[in-house]
Amino acid sequence: MTADQLAGELEVSTRTVLRDIDALSTAGVPVYADRGRHGGYSLLPGFRTELTGLNHDEALALLTAGSDRGEKVFGLSAPLASAMRKVVDALPEGHQTSLGDAAKRFLVEPETDLLSRRAPTEDLADGVISEVRAAVLTGRRLRFNYAAPGQAPSPRTVDPIGLVTVRGHTYLLATRSGDDRTYRLSRMTSAEALPEPAQRPAQVDLDRIWAERTAQFLSESHLPVVVRIKRSRREELLENARAVRAEEPEPDDWVRLDVTFEDLRHAVWAVWRLDTDAEVLAPESVRDAMYARAEALTTRYRS
């Protein structure tokens, strides 16, 4: 068909047809032009695509699936499964069989590790992730109820910037009245994307923003503690620490960690759980608290 014929069939301008033909060719669709009196545009015989009906969430799921467990933390597991079914259905039958066999040879992020420790998971309130995601992607303001540690839930209205997932936890980066804010999604009891547009820049560099907020977090008044710990128990300590400031290897499969805790009580609780597989090197206040606790237990059980 000629460009004019296509324009009449599709009820668009010839200019639109020419632009769309270029876009299809760039996307890899085999559309060819034959010049001359009886020429026109044609599609390579036998070409077809079965990937029709791929919706927004499914496409987004495919883009985020490459990140570690992204399909779970961003609430995209169902769209991802649907999108992958469409991809498999588009393959030749022989390839479908081989793909299914190959998939059985890989296991990604099981629920427990070799030490039977369960992977960290978040308990998100119903509807929170979808509303937060919608506000981030559409550039709208977000209102939610947030329960900060030790406090009752209270309302917040923010301008969302982006979502970040770290070690099984998902965070919303936002601004509130122009000030930088970071919120954990598991502490939101409800959320609603508002109709008004968010006040935020058109372009965003999440890597840079996250690095800046991490540096700010580490500079706040948390208790820094230096711990010498067996490498096999490292993850157990990090699950309870607020942040890791530095790490150095030690002889005999030990490692030295510079971590931060909320306060003295939090530090003693976290290190005490590791028994003799960890030793506090600094500060003296934590060492003294560990000694006092050990002495009290020794006195209690001496008889």
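1. Among the contacts in the chain between residues at least 6 apart in sequence, 54% join residues at least 24 apart. This share, like everything in the points that follow, comes from a predicted model.

2. As for overall make-up, the chain has eleven helices and eleven strands, and buried residues account for 29% of its 303 residues. The chain exposes about 19,800 Å², of which carbon and sulfur atoms supply 51%.

3. At the start of the chain, helix α1 (residues 3-10) packs against helix α2 (residues 14-26) at an angle of about 105°, and their axes lie 8 Å apart. An angle from 65 to 115 degrees counts as roughly perpendicular, so α1 is to be described as roughly perpendicular to α2. On the α1 side the contact is made by Ala3, Asp4, Leu6 and Ala7, while α2 contributes Thr14, Val17 and Leu18.

4. The loop between α1 and α2 holds Glu11, a residue that has a positive phi of about 60° although it is not a glycine. Glu11 has a relative accessible area of 73%, and since the cut-off for an exposed residue is over 50%, Glu11 is classed as exposed.

5. A second residue to check for its backbone is Asp253, which is not a glycine and yet has a positive phi, here of about 65°. Asp253 is found in the loop between β9 (243-250) and β10 (254-261). As background to this point and the next, most residues other than glycine have a negative phi, and most peptide bonds are trans.

6. Towards the other end of the sequence, the peptide bond from Ala282 to Pro283 is cis, with omega near 0°. Pro283 has its place in the loop between β11 (278-282) and α11 (284-301).

7. On the surface, Tyr32, Leu43, Leu44 and Phe47 make a nonpolar patch of about 370 Å². One of these residues, Leu43, is found in strand β2, which covers residues 40-43. How far is Leu43 accessible? The relative accessible area of Leu43 is 43%, and the residue is therefore partly exposed; patch members need over 30% relative accessible area, a condition that Leu43 meets with its 43%.

Terms used: Residues numbered from 1 in each chain as written. Predicted model: local features only at pLDDT ≥ 70, side-chain atom pairs only at ≥ 80, totals over all residues. Heavy atoms only, no water. Patch = residues over 30% accessible without salt bridge, like charges linked within 9 Å, V, L, I, M, F, W, Y side chains within 5 Å. Areas by Shrake-Rupley, 256 points an atom, 1.4 Å probe, with all protein chains shown as cover. Salt bridge = Lys/Arg side-chain N within 4 Å of Asp/Glu carboxyl O. Helix = DSSP H or I, 4+ residues; strand = E, 2+ residues; numbered from the N terminus. Buried < 20%, exposed > 50% of the residue type's maximum accessible area, 1.4 Å probe, protein only. Contact = heavy atoms within 4.5 Å. Axes fitted to C-alpha atoms, helices over the stretch in contact; angles between N-to-C directions. Parallel < 35°, antiparallel > 145°, perpendicular 65-115°, else oblique.
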